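Colleague: I am new to this structure and would love a close look at one part of it. Could you pick a helix and its surroundings and walk me through them?

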Amino acid sequence: MSLGSSLISARKKSGLSQEEVAERLGVSRQTISKWETDETLPDIRQSKRLAVMYHLSLDELIDFDVDVKEIEEVIERTSDETQKKIDWTKMWAKKYPVLAEYPAQVRTEEYTAPLQELLEQLKGDYGYSSLDAFLVLKDILGKLYQ
């Protein structure tokens with residue numbers, strides 16, 4: 001996504017018109033239009049002001065993806081109680097069918113003891129709670145895939 005497209009998406013997500021943004025920044029509406037069409041680029045000061053106006057970091061503004069931002073916001077607004085009701089494995093299995101298939105194929109009991117040892121080691125070495133140790137182990141495994 002180009003910077004111009006990111007600026008358009010962020011502005012629309014904020015519910016602002018080009019005129020409103022221009023007024024707040026003290027520039028013309030045409031300047032905003034040129035930024036959004038990638039004809040010109042805002043300078044670093046204006047970019048920072050845009051990021052603040054759109055409630056984004058400068059990095060987020062540069063790589064703004066409205067779909068990702070909306071998903072992040074939904075997750076943040078979802079209560080722990082509601083999240084406990086969601087069958088995450090079933091949800092992810094729609095995208096990754098192996099999550100629904102592996103229990104019938106893999107002898108999981110062969111892996112539970114070594115994984116439990118790793119969890120206990122993380123808890124003992126770093127004082128993590130069970131949940132935190134699990135999340136750290138999950139993250140370590142995820143990095144092996146990357």
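Modeller: Happy to! One definition before we start: two residues touch, or are in contact, when heavy atoms of theirs lie within 4.5 Å. Please keep in mind that this is a predicted model.

Let us take helix α2, which covers residues 18-25, and begin with a residue that touches it. R11 sits in helix α1. Is R11 buried or exposed? With a relative accessible area of 9%, R11 is buried, because buried means under 20%. Leaving aside residues up to four places away in sequence, R11 touches L16, S17, Q18, V21, E36 and Y54. Keep Q18, V21 and E36 from that list in mind, as they will come back.

Now to α2 itself. Which of its residues are buried? They are Q18, V21, A22 and L25. Looking down the axis of α2, you find these buried residues within an arc of 100°, so they line one face of the helix. A general point helps here: an α-helix has 3.6 residues a turn, so residues three or four places apart point the same way. What does that face pack against? The buried residues of α2 pack against α1 (3-13), α3 and α4 (44-53).

Of these neighbours, α3 deserves a longer look. Helix α3 spans residues 29-36, and its axis comes within 8 Å of the axis of α2, crossing at roughly 110°. The two helices are therefore roughly perpendicular to each other, since angles of 65 to 115 degrees count as such. The crossing of α2 and α3 is right-handed. Which residues make the contact? On the α2 side they are Q18, E19, V21, A22 and L25, and on the α3 side R29, I32, S33, W35 and E36. Sorted by class, the contact between α2 and α3 holds five nonpolar, two polar and three charged residues. Here our earlier names return: Q18 and V21 of α2 and E36 of α3 belong to this contact, and R11 touches each of them.

What about the stretches around these helices? After α2 comes G26, with a positive phi near 75°. Beyond α3, in the loop between α3 and α4, you will find D38. Its phi is also positive, near 60°, in a residue other than glycine. Most residues other than glycine have a negative phi. D38 is partly exposed, with a relative accessible area of 37%. Going on past α4, the loop between α4 and α5 (58-62) holds H55. The phi of H55 is near 60°, again a positive value in a residue other than glycine. At 68% relative accessibility, H55 counts as exposed.

For a second example of crossing helices, look further along the chain at α10 (residues 109-126) and α11 (residues 130-145). Their axes come within 9 Å and cross at roughly 115°, and this crossing is right-handed. L115, L118, L119, L122 and K123 of α10 meet S130, A133, F134, V136 and L137 of α11. That contact consists of eight nonpolar residues, one polar and one charged.

Notes
Residues numbered from 1 in each chain as written. Predicted model: local features only at pLDDT ≥ 70, side-chain atom pairs only at ≥ 80, totals over all residues. Heavy atoms only, no water. Axes fitted to C-alpha atoms, helices over the stretch in contact; angles between N-to-C directions. Helix = DSSP H or I, 4+ residues; strand = E, 2+ residues; numbered from the N terminus. Left-handed = near helix turned anticlockwise from the far one by under 90°. Nonpolar A, V, L, I, M, F, W, Y, C, P; charged D, E, K, R; others polar. Parallel < 35°, antiparallel > 145°, perpendicular 65-115°, else oblique. Buried < 20%, exposed > 50% of the residue type's maximum accessible area, 1.4 Å probe, protein only. Arc of directions from axis to C-beta.
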